[in-house]
Amino acid sequence: MQPTFQPLGAIKLPAPSWPSFYRRWLLVLALGAVGLLAGSASVDSVSQLRQSLDSKVHGDTWDLLGWEIQAITAKLRAGQLAAPLLAAPLSADEPASQVVSYLERAHQASELEDEVERLYSEAGTPTAIHPQLAILEKELTQLRALQQKARPAVEAIVEAQISAEVRAAGLTFWGHPFPPVWFTFTDPPKKVFVRARGRILTAHYAMLRPNLLPERRESIEQTILADDNLSAYITNIGGLGAYPTQVVDRAPLEWVLSTVAHEWVHNYLTLHPLGIHYNKSPELTLITETVADIVGDELGQRALEKQYPAYALAARTAEQTDPAELPAFDFNREMRHTREIVDQYLALGRITDAEAYMEIRRLLFVENGYPIRKLNQAYFAFHGSYGTSAAATSPLGAQLTELRSLTPDVKSFLEAVRGITAAEQLAPVLATWQARG
């Protein structure tokens with residue numbers, strides 16, 4: 001029988017009191033994650049092209065190793081400071097309220113930043129700065145300081161909540177979640193995807209600094225198109241499976257919980273063939289991301305139901321909305337249709353027509369409230385790597401969804417897929433579970 005969820009008042013952050021194997025594991029996994037993420041793009045026959053692409057983003061790349069060292073150091077220091085806070089008895093609702101309050105302030109900070117940017121853009125010159133700016137910036141500074149103080153304890157609470165679900169799923173080693181759930185709220189790096197214009201397959205990608213300016217982002221994409229005749233797309237990402245994993249905090253509660261769990265699944269899979277072969281092919285990338293989506297959503301939903309029942313009830317109520325009240329524009333349906341037509345154009349070699357069609361469709365999405373900045377082949381290469389996404393057309397996503405429906409629990413599902421090293425291995429795995437009926 002799995003151990004029950006401990007009261008959050010007894011939870012400790014990473015500290016020297018942990019078992020020695022646990023501390024050694026943190027270091028080993030961190031260094032392993034660096035090697036897997038940073039070293040997966042090996043030099044091959046297209047190294048010259050990759051050197052050309054790398055030159056386009058020179059000075060804008062993100063230092064994973066440097067971030068790992070800084071984040072692990074900060075996390076351990078914060079653990080020593082936050083552990084006494086969590087050692088004090090807490091009421092049943094207090095941990096959840098701390099998380100909710102933190103996320104509400106994060107949303108408030110995001111709105112303030114948007115308003116500051118708007119006022120600056122309208123001012124035009126320094127002499128025309130709006131008098132409201134000083135008030136907003138002072139409020140934003142105070143809010144950021146409050147967030148920084150609260151962050152270690154809030155991260156520990158969420159880690160404990162997801163750890164409880166990992167433990168309940170039986171994914172433990174010596175009674176501990178394995179690997180340990182460890183994440184930090186931060187702005188993850190941006191990601192540039194580059195691909196040939198005639199096919200929707202990722203040819204190259206790189207991590208770029210989080211604070212990349214919009215005009216620089218556009219310049220990189222246009223330069224790659226002009227110089228290399230390749231489609232490029234630079235996007236924000238909601239999380240990153242480094243160690244500790246990265247998650248943005250300016251998002252709804254249910255998304256945060258699912259994303260923390262999603263990124264933990266990536267850490268788990270790095271210990272198995274599927275995760276190790278993440279970059280071996282686009283199909284393996286899709287399988288890995290879809291597995292992380294399926295398991296992350298499930299563990300996140302369980303944490304939401306147990307720790308935030310009011311939010312879970314509100315979400316269920318929202319899902320029961322009268323179909324007559326739903327908006328006429330269905331994003332998923334329209335995006336899937338767009339992808340299907342683009343694939344047909346590209347299959348016929350009509351690249352220019354495909355790109356013209358994507359721009360027409362992009363404007364349609366914008367008109368209906370979906371501010372898609374760029375819709376091109378690289379956009380579909382990125383979003384299509386998630387098998388449950390509307391931008392995906394691969395049957396692998398549906399096969400994984402069916403496989404999860406056949407397996408009795410998360411642990412069985414992960415054990416069924418974690419040994420996969422080639423996309424064609426998924427079908428026999430699915431057939432085996434179908435035969436068990």
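**View 1. Lys191 sits in strand E4, residues 190-196.** The model is predicted: local features need pLDDT of at least 70, side-chain atom pairs count only at pLDDT 80 or more, and totals for chains, interfaces and linings use all residues. Residues are numbered from 1 along each chain as its sequence is written, and side-chain values use heavy atoms, with hydrogens and water left out. Helices (H or I, at least four residues) and strands (E, at least two) are DSSP runs, numbered from the N terminus. Lys191 is buried and has no salt bridge. Buried means under 20% relative accessible area, exposed over 50%, and partly exposed in between (1.4 Å probe, protein chains only). A salt bridge needs a side-chain nitrogen of Lys or Arg within 4 Å of a carboxyl oxygen of Asp or Glu. For charge, Lys and Arg count as positive and Asp and Glu as negative; His and the chain ends are not counted. The nearest side chain of opposite charge to Lys191 is Glu289, 5.7 Å away. Leaving aside residues up to four places away in sequence, Lys191 touches Tyr205, Ala206, Met207, Tyr233, Ile234, Thr235 and Ile237. Contact means heavy atoms within 4.5 Å.

**View 2. Helix H12 covers residues 351-367.** Its 17 residues reach 25 Å from first C-alpha to last, close to the 24 Å expected at 1.5 Å a residue. The expected span is 1.5 Å times one less than the number of residues. Ala354, Tyr357, Met358, Arg361, Arg362 and Phe365 are the buried residues of H12. Seen down the axis, they fall within an arc of 145°, so they line one face of the helix. That arc is taken from the directions from the helix axis to the C-beta atoms. The buried residues pack against helix H11 (331-347) and helix H13 (377-383). Exposed Thr352, Ile360 and Glu367 are on the face turned away from the buried side. Gly369 follows H12, with a positive phi near 90°.

**View 3. Phe365 belongs to helix H12.** Phe365 counts as buried, at 0% relative accessibility. Not counting residues up to four places away in sequence, Phe365 touches Phe329, Phe331, Glu334, Met335, Thr338, Tyr370, Ile372 and Leu375. Phe365 and Glu334 are 31 residues apart in sequence; their C-alpha atoms are 8.6 Å apart in space.

**View 4. Two loops hold a proline after a cis peptide bond.** One such bond joins Phe178 and Pro179, with omega about 0°. Pro179 is in the loop between strand E2 (176-177) and strand E3 (183-185). Another joins Tyr243 and Pro244, again with omega about 0°. Pro244 lies between strand E7 (239-240) and strand E8 (245-247), in the loop.

**View 5. Trp174 and Asn229 have positive phi values.** For Trp174, a residue other than glycine, phi is near 55°. Trp174 is in the loop between strand E1 (172-173) and E2. With 62% relative accessibility, Trp174 counts as exposed. Asn229, also not a glycine, has phi near 55°. Asn229 lies in the loop between helix H6 (214-228) and strand E6 (230-235). Asn229 is partly exposed, at a relative accessible area of 44%.

**View 6. The whole chain has 16 helices and 8 strands.** Of its 437 residues, 48% count as buried. Among contacts with a separation of 6 or more, 74% are between residues 24 or more positions apart.
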